[in-house]
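Grab a coffee and open the viewer. Below are a few exercises to work through, each with a solution.

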Amino acid sequence: MDLGTIWFILWGVLWAVYFVLDGYDFGIGIIRPFFSKSDTETRIMYNAMGPFWDGNEVWLITAGGVTFAAFPKTYAIMFSSLYTPLMLLLFSLILRGVTLEFRSKVDSAGWRKLWDVCNFLGSFLPALLLGVAFANIFMGIPINQEGILQGNLFTLLNPYGLAGGLLFVFLFAHHGALWLAQKSEGEIRERALKTAGKLWPVVAVLVVLFLVMSWFMTQLFSNYLVHPALFILLLVPVAGLLLTCKYRRQGRPLAAWVSSALLIGGAALFGVFGIFPALLPSSLNPAWSLTIENSSSTPLTLSIMLGVALVFVPIVIIYQVWAMHLFRHPVNQEDLDYDEAY
Amino acid sequence: MDVLLLSRLQFAFATFIHFIFVPLTLGLSFIVAVMETKYVRTGDETYKKMAKFWGKLFLINFALGVVTGLTLEFQFGTNWSRYSTFVGDIFGSLLAIEATAAFFLESTFVAVWVFGWKKLSPKFHATCIWIVAFAANLSALWIILANGFMQHPVGYVIQNGRAELASFTDVITNGYAWNEFFHTITGSWALAGFFVVGISSWHLLRKQNIDFFTKSFRIGAAFALIFALVVALVGHRQGNIVAEVQPAKLAAMESHWETQPNAPMYLVQVPDPENEGNSIQFGKIPSILSIMAFNNPSAVVKGLKDFPKQDRPPVTLTFSAFRLMVGLGTLMIIVGILAFIARHQPVESSTKLLKLFVWCIPVPYLALQAGWAVAEVGRQPWIVYGIMRTKDAVSPLATSQVAISLAAFFVVYILLAAIDIFLLAKYARKQPA
């Protein structure tokens, strides 16, 4: 396998890991207004992601940085052609980030309400925008030869883009409910499992709908048809979808969350492998697509970066898993009384 | 207003706001680490309380640093796509390494530190804040190696219409960048020292928690004085390097127009770029510019007139920012000495002196911002010194897109910065728990 292909796969995996990790943070933020019945419950929800959300967000910075390092032209064209949605995404993420830090710092109901609203927006909007953006990337966006988008924000809000947005919102909401279930106890845990149970059929319908739309509206399946062995990869998200339901019914939220992670990661990779070898397909003319061939860095940079990734990414995974393990216990009253709690 | 100007304003604004929060993160993390280590060594609970009190301020500040940093990584792509395409082979990898090798470490361990007081042994817990401090400063190194490439590009070849990596070793051993890094972090450590001295003085003025704030003051004063001195020395070296590799920037910093040996400096000077000279200059100190730039009184210092007009940086801004930085830096040394002298019994100091320490909290902030203004404005008209002009780097965007995003940056960042400073002030005034 050549360096470009290795980096293409790593690029896809980094985005998939980001969706899996920050996805549950967004999910908790999305279901919170409908789930929480009191300030205590809201705080349990925030503290369920408390020690993790910042580390999760670094995967986005890494995915962005790797796009820049390995495929600079894709980085340049992707983010300048998707200027307005990306700015909206960044501002939403800023809101989400500060809500957790600010909310507990002033003792006033109005203050907390303000940051609760911001947290919802800062969770819902990124989920929606990432879904819309990636669905459009999977379908191809109307960029011309110079990489300029022929259209505006509303061009991206086409049926397939919106289906992708809805899919992400519900995938993450379901994912967040399962995380909350495995980080809480008693009545909240039961209710979180029930919420995930109610969301699951919607997720299942949207997954099927998205696959059907992909078949008719995109070229995503062409790689799979040329290499039918690739269809095995589709088994990952499908298995995740079925297993998450099974484990939830057995009352095993962590196993259900891991299955949901397979679903989200597998869905993202399904799309990424579908557009290979393009990273940003042009819907106007395949010759204007940004591909491994026309947008990657030099072999020297790619090999140095590969060395860095092979050393540091496993180390990152080790200490992040260790941190998750350290804070694995359900959020309880003692956690909420803790002076640094959100 | 065109896309170029709007994009420059947006990047400058976003970076300046981001850099309100970064230096305190870089310095205060070490100060908190020192405090917690003293607690582990001595078992004195005051030091634990200190780590918690100053740690809280560290965290409030840290949150804004994180969220404002997020937009910066993407702005190279959004607003500077031609630049990104041109230098991505080198510049992009430095940003990616920053995230992978440093920022992950910082973000993960800051959470372990915050939530782990009861879960980890005191020694291990103290190690976590050392990791945070180390990782934060390591982040700064990678970012400044990237900036160093823009200031003094090395280790590249121009090939296939872009700057391609020729030697990674050259890029990461770029002397310009390393000196710039030490200049930045020592300035940041001094800033954190003044921050701790200032807030401690505020409490000591009110005679509250005297033991706690005396101990804090002592650590802060040591940081303030030592690093106010070191940052000046490293800054002098920075001037030497600039003189060598960015002569136009040096000439703009001094508003120095005529190429000459024994180049003088003037105590008072008003640049007049229209007429290629200074409208006012007096208080001449002979040969001092030659000495400052090249450590040699007879060295020839190239003047702005010997650079084509299109290669000159904006003189007035670069000159004023440099004067401001040097002036404030000198003030930091004087106040640092006063704090160091007062460190044993600061509460016995005169009210005026303690008030001075409180009022000096913003001084290093201004000095550091001015320093970055010198570095970045003085680099103009180049985005990558000598090889790419800023005007050739901007994305092909519509003016309205950038105008709207710039307005959003103004509103959101100013609101958030105001809230954050309000919270910092609120928690700085609290009694330690």
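Before we start, a word on names: helices and strands here are DSSP runs numbered from the N terminus, with at least four residues for a helix (H or I) and at least two for a strand (E). Keep in mind too that this is a predicted model.

**Exercise 1. Find which helix gives the most to the lining of the second largest pocket.**

Step 1: get a feel for the pocket. Its volume is about 1000 Å³. It is lined by 39 residues, and those closest to its centre are H183(B), G235(B), F322(B), M325(B) and V326(B).

Step 2: list the candidates. Two or more lining residues come from each of α6 (175-205), α7 (210-245), α8 (247-254), β3 (265-272), α9 (288-294), α10 and α12 of chain B.

Step 3: pick the winner. That's α10(B), with nine residues.

Step 4: check the chemistry. The lining splits into 24 nonpolar, 11 polar and four charged residues.

**Exercise 2. Now do the same for the largest pocket: who supplies the largest share of its lining?**

Step 1: this pocket has a volume of about 1400 Å³. Of its 49 lining residues, F11(B), T15(B), H18(B), L72(B) and I143(B) lie nearest the centre.

Step 2: at least two lining residues each come from α1 (3-42), α2 (45-79), α3 (81-115), α4 (122-151), α10 (315-342) and α12 (362-377) of chain B.

Step 3: the largest share belongs to α1(B), which supplies 12 residues.

Step 4: by class, you get 32 nonpolar, 11 polar and six charged residues.

**Exercise 3. Check whether the length of helix α5 of chain A agrees or disagrees with its residue count.**

Step 1: α5(A) covers residues 83-103, which is 21 residues.

Step 2: the expected span is 1.5 Å times one less than the number of residues, so for α5(A) it comes to 30 Å.

Step 3: the end C-alpha atoms of α5(A) are 30 Å apart, which agrees.

Step 4: while you're there, look at its surroundings. The helix is mostly covered, with 18 of its 21 residues buried.

**Exercise 4. Work out what N240(B) touches away from its own stretch of sequence.**

Step 1: locate N240(B), which sits in helix α7 of chain B.

Step 2: is it buried or exposed? The cut-off for buried is under 20% relative accessible area, and N240(B) is at 8%, so it counts as buried.

Step 3: skip the neighbours within four places in sequence, and you're left with contacts to M292(B), A293(B), F294(B) and N295(B).

Step 4: zoom in on M292(B). Its backbone oxygen lies 2.8 Å from a polar atom of the N240(B) side chain.

Step 5: try the C-alpha atoms. N240(B) and A293(B) are 53 residues apart in sequence, and 4.8 Å apart in space.

Step 6: for contrast, take A190(B) in helix α6 of chain B. A190(B) is 103 residues from A293(B) in sequence and 24 Å from it, C-alpha to C-alpha. A190(B) is buried as well, at 0% relative accessibility, and its contacts beyond four places in sequence are F223(B), A224(B), F227(B), A228(B) and M332(B).

**Exercise 5. Describe the setting of N144(A).**

Step 1: N144(A) is in the loop between α6 (109-139) and α7 (153-156) of chain A.

Step 2: loop or not, N144(A) is buried, with a relative accessible area of 15%.

Step 3: a polar atom of its side chain lies 2.8 Å from the backbone nitrogen of E146(A). Beyond four places in sequence, N144(A) contacts Q150(A), L284(A) and W288(A).

**Exercise 6. Hunt for unusual backbone geometry.**

Step 1: know the background. Most residues other than glycine have a negative phi, and most peptide bonds are trans.

Step 2: look for cis bonds. One joins F276(A) and P277(A), with omega about 0°; P277(A) is in the loop between α12 (253-275) and β1 (278-280) of chain A. Another runs from Q380(B) to P381(B), with omega near 5°, and P381(B) lies in the loop between α12 and β5 (382-384) of chain B.

Step 3: look for positive phi. E276(B) has phi near 50°; it is in the loop between β3 and β4 (277-285) of chain B, and is partly exposed at 23% relative accessible area. N295(B) has phi near 55° and is in the loop between α9 and α10 of chain B.

Definitions and conventions: Residues numbered from 1 in each chain as written. Chains lettered and ligands numbered in written order. Predicted model: local features only at pLDDT ≥ 70, side-chain atom pairs only at ≥ 80, totals over all residues. Heavy atoms only, no water. Buried < 20%, exposed > 50% of the residue type's maximum accessible area, 1.4 Å probe, protein only. Polar contact = N/O pair within 3.5 Å; in protein donor to acceptor, adjacent residues only side chain to side chain. Contact = heavy atoms within 4.5 Å. 1 Å grid on protein atoms, 1.4 Å probe; cavity = no way out; pocket = protein on both sides within 12 Å on 5 of 7 lines; lining within 4 Å. Points joined across faces, edges and corners; volume = space filled by probe spheres on them. Nonpolar A, V, L, I, M, F, W, Y, C, P; charged D, E, K, R; others polar.
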